[in-house]
Amino acid sequence: MAECALSLASSSPPLSANLRISPTRFSPLRRSLLLTSPSGTGKPLFCSHPHRRTSVLRTNSSRSQLRTKASMAESVTEKSKAEVKVYDSEEELAVALAKYTADLSEKFCKERDAFTVVVSGGSLIKSLRKLVEPPYIDSIDWSKWHIFWVDERVVPKDHPDSNYLLAYDGFLSKIPIPAGHVYAINDALSAEAAADDYETCLRHLVKSKILDISKESGFPKFDVMLLGMGPDGHIASLFPGHPLVHEKEKWVTFIKDSPKPPPNRITFTFPVINSSANIALAIVGAGKADVVQKSLGDDKSSDLLPVQMVSPEGELVWYLDKDAASKL
């Protein structure tokens, strides 16, 4: 196994959680949302899918799911749809996200005897907490899970800025996942070397058939990415206006001038992110409402935020609480 494979030794801190679906009192959007470039080309960057249709689903605990689905706003384009789901609270969002993840786990464990999961840091880990509660803690086949990070800060694993530590405390320490299935960075290396090492690890996993490769892009194809978004619209460690958003060759790259501390990080690139079979974006709080509105509303700016460049080969689902969706 490559250096990036983490052994959960006793010296390491613990890990964290998962989620499921529930309804909300929120009227459906009155317009359809196109996740395509507003520049006029009609194509999202770094995506082999020129168009995508978006449906907006507001769940409603006091009404039937059938009525909710019937009221879904939907715009048809040439490719698979992106769904936007809005919940009354972060708690309901977490319940929904758990069910979504557990359902995918069951599907992929049956189909390929493995489930490759990419997580981010930040508030996403908290929103995964329902996965470590019944029924999922007992029903999920954790032995087939393989956990990766979409980005990581180049700091020791016990550092407060470590995405690994955040995931360990909130999720990984609470599930019976094999130690060799958790792929953390080699924190003894420089940012550049750690990125190269992580890419080498991914290539090894492709050769060993644990990780799929996309027939369309030639990049690794993860079963699901569970991602958060920064208040500036950044995804992973891909920040607005930074040259790395245009990286098209590397699987994993590094950044030494992150606009958000700490400055040294590694990150998956957009070709890898957009080769995913499934992506869930979990976004909560009024502090992100402006970016959500820009991303999903009628903004015609030619300057795409990184979150607007997320366009996977498979399905994309936006999970929003009502505060994050308040300006839609």
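**Group meeting: a predicted model and its largest pocket**

Let's start with contacts. Take those in the protein chain between residues at least 6 apart in sequence: 79% of them join residues at least 24 apart. Keep in mind that this is a predicted model.

On to confidence. The protein chain has a mean pLDDT of 81, with 75% of its residues at 70 or more. Two stretches need a flag. Residues 5–55 have pLDDT below 50, and in the model this stretch has 227 contacts beyond near neighbours in sequence. Residues 59–80 also fall below 50, and here the contacts beyond near neighbours in sequence number 57.

Next, the overall make-up. The protein chain holds eight helices and 15 strands. It has 328 residues, and 59% of them are buried. About 13,200 Å² of the protein chain is exposed, and 50% of that comes from carbon and sulfur atoms.

Now the pocket. How much space lies in the largest pocket? About 300 Å³. The lining counts 24 residues, and those closest to the centre of the pocket are G121, G122, R153, H234 and K260.

Which elements each supply at least two residues of that lining? Two helices and one strand do: α3 at 123–126, α5 at 163–170, and β7 at 151–153.

And the chemistry of the lining? Nine residues of the lining are nonpolar, nine are polar, and six are charged.

That's the tour. If you take away one item, take the pocket: about 300 Å³ of space, with G121, G122, R153, H234 and K260 closest to its centre.

How values were computed. Residues numbered from 1 in each chain as written. Predicted model: local features only at pLDDT ≥ 70, side-chain atom pairs only at ≥ 80, totals over all residues. Heavy atoms only, no water. 1 Å grid on protein atoms, 1.4 Å probe; cavity = no way out; pocket = protein on both sides within 12 Å on 5 of 7 lines; lining within 4 Å. Points joined across faces, edges and corners; volume = space filled by probe spheres on them. Helix = DSSP H or I, 4+ residues; strand = E, 2+ residues; numbered from the N terminus. Nonpolar A, V, L, I, M, F, W, Y, C, P; charged D, E, K, R; others polar. pLDDT = per-residue confidence, 0-100. Contact = heavy atoms within 4.5 Å. Buried < 20%, exposed > 50% of the residue type's maximum accessible area, 1.4 Å probe, protein only. Areas by Shrake-Rupley, 256 points an atom, 1.4 Å probe, with all protein chains shown as cover.
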